[in-house]
Amino acid sequence: MWEIYEHRRVAKQLSALPVEILKRYEKWKDIARISGLSGLGFIKGFHDEALRGDWKGFRSSRL
């Protein structure tokens with residue numbers, strides 16, 4: 001299982017999103033938390049990449 005770290009401003013930004021985008025975001029969090037990288041690779045529109053430098057060993061995943 002993965003841990004999801006969200007920026008502190010995410011809660012405020014989510015309230016302004018259209019419902020369709022909010023649902024995709026919540027689904028992304030569920031898939032990332034349960035399946036990790038393997039689950040995100042099967043869904044179009046999701047991007048995942050390894051980080052470098054101080055964050056080496058971590059991954060960035062986004063819509």
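This is a short walk through the predicted model shown above, from the whole chain down to a few side chains.

Let's begin with the overall layout. The chain has three helices and two strands, and reading along the sequence you meet them in the order α-α-α-β-β. If you draw a box along the principal axes, the C-alpha atoms fill roughly 35 × 25 × 20 Å. The chain counts 63 residues, of which 19% are buried. About 5400 Å² of surface is exposed, and carbon and sulfur atoms supply 56% of that area. As for how the chain meets itself, take the contacts between residues at least 6 apart in sequence: 30% of these join residues at least 24 apart.

Before looking at side chains, a word on confidence will help. The mean pLDDT of the chain is 84, and 100% of the residues reach 70 or more. Among the elements, helix α1 (residues 10–14) has the highest mean value, 87, while helix α3 (residues 37–40) has the lowest, 74.

Now turn to the charged side chains. A search of the whole structure finds two salt bridges, and a network of such bridges links E6, E26 and K29. A good place to start is K29, which sits in helix α2, residues 19–35. Is this lysine buried or exposed? K29 has a relative accessible area of 13%, and because the cut-off for buried is under 20%, K29 counts as buried.

One partner of K29 is E6, with the closest N and O atoms of this salt bridge 3.4 Å apart. E6 lies in the segment before α1 and K29 in helix α2, so their pairing ties together parts of the chain that are 23 residues apart in sequence. The two side chains also make a polar contact, again at 3.4 Å. E6 itself is partly exposed, with a relative accessible area of 37%. Leaving aside residues up to four places away in sequence, K29 touches I4 and E6.

The other bridge joins the side chains of E26 and K29, at 3.8 Å from N to O. Here the partners belong to one element: E26 and K29 are three residues apart in helix α2, so about one helical turn separates them. Like E6, E26 is partly exposed, and its relative accessible area is 32%.

Let's move on to the end of the chain. R62 is found in strand β2, and this arginine is partly exposed at 41% relative accessibility. Which residues does R62 touch, not counting those up to four places away in sequence? They are W28, G45, F46, H47 and E49. For a sense of distance, R62 and L17 are 45 residues apart in sequence, and their C-alpha atoms are 16 Å apart in space.

L17 also takes us to the last stop, on the surface. Together with I21 and L63, L17 makes a nonpolar surface patch of about 210 Å². L63 lies in the segment after β2, the strand that covers 59–62. With 39% relative accessibility, L63 counts as partly exposed.

Conventions: Residues are numbered from 1 along each chain as its sequence is written. This is a predicted model: local features need pLDDT of at least 70, side-chain atom pairs count only at pLDDT 80 or more; totals for chains, interfaces and linings use all residues. Side-chain values use heavy atoms; hydrogens and water are left out. Patches are made of residues with over 30% relative accessible area and no salt bridge: like charges are joined within 9 Å, nonpolar side chains (Val, Leu, Ile, Met, Phe, Trp, Tyr) within 5 Å. Accessible areas come from the Shrake-Rupley method with a 1.4 Å probe; for residues, only the protein chains shown count as cover. A salt bridge is a side-chain nitrogen of Lys or Arg within 4 Å of a carboxyl oxygen of Asp or Glu. Helices (H or I, at least four residues) and strands (E, at least two) are DSSP runs, numbered from the N terminus. Buried means under 20% relative accessible area, exposed over 50%, partly exposed in between (1.4 Å probe, protein chains only). A polar contact is a pair of N or O atoms within 3.5 Å; within protein, one must be able to donate a hydrogen and the other to accept it, and residues adjacent in sequence count only if both atoms are side-chain atoms. Contact means heavy atoms within 4.5 Å. pLDDT is the predictor's confidence in each residue, from 0 to 100.
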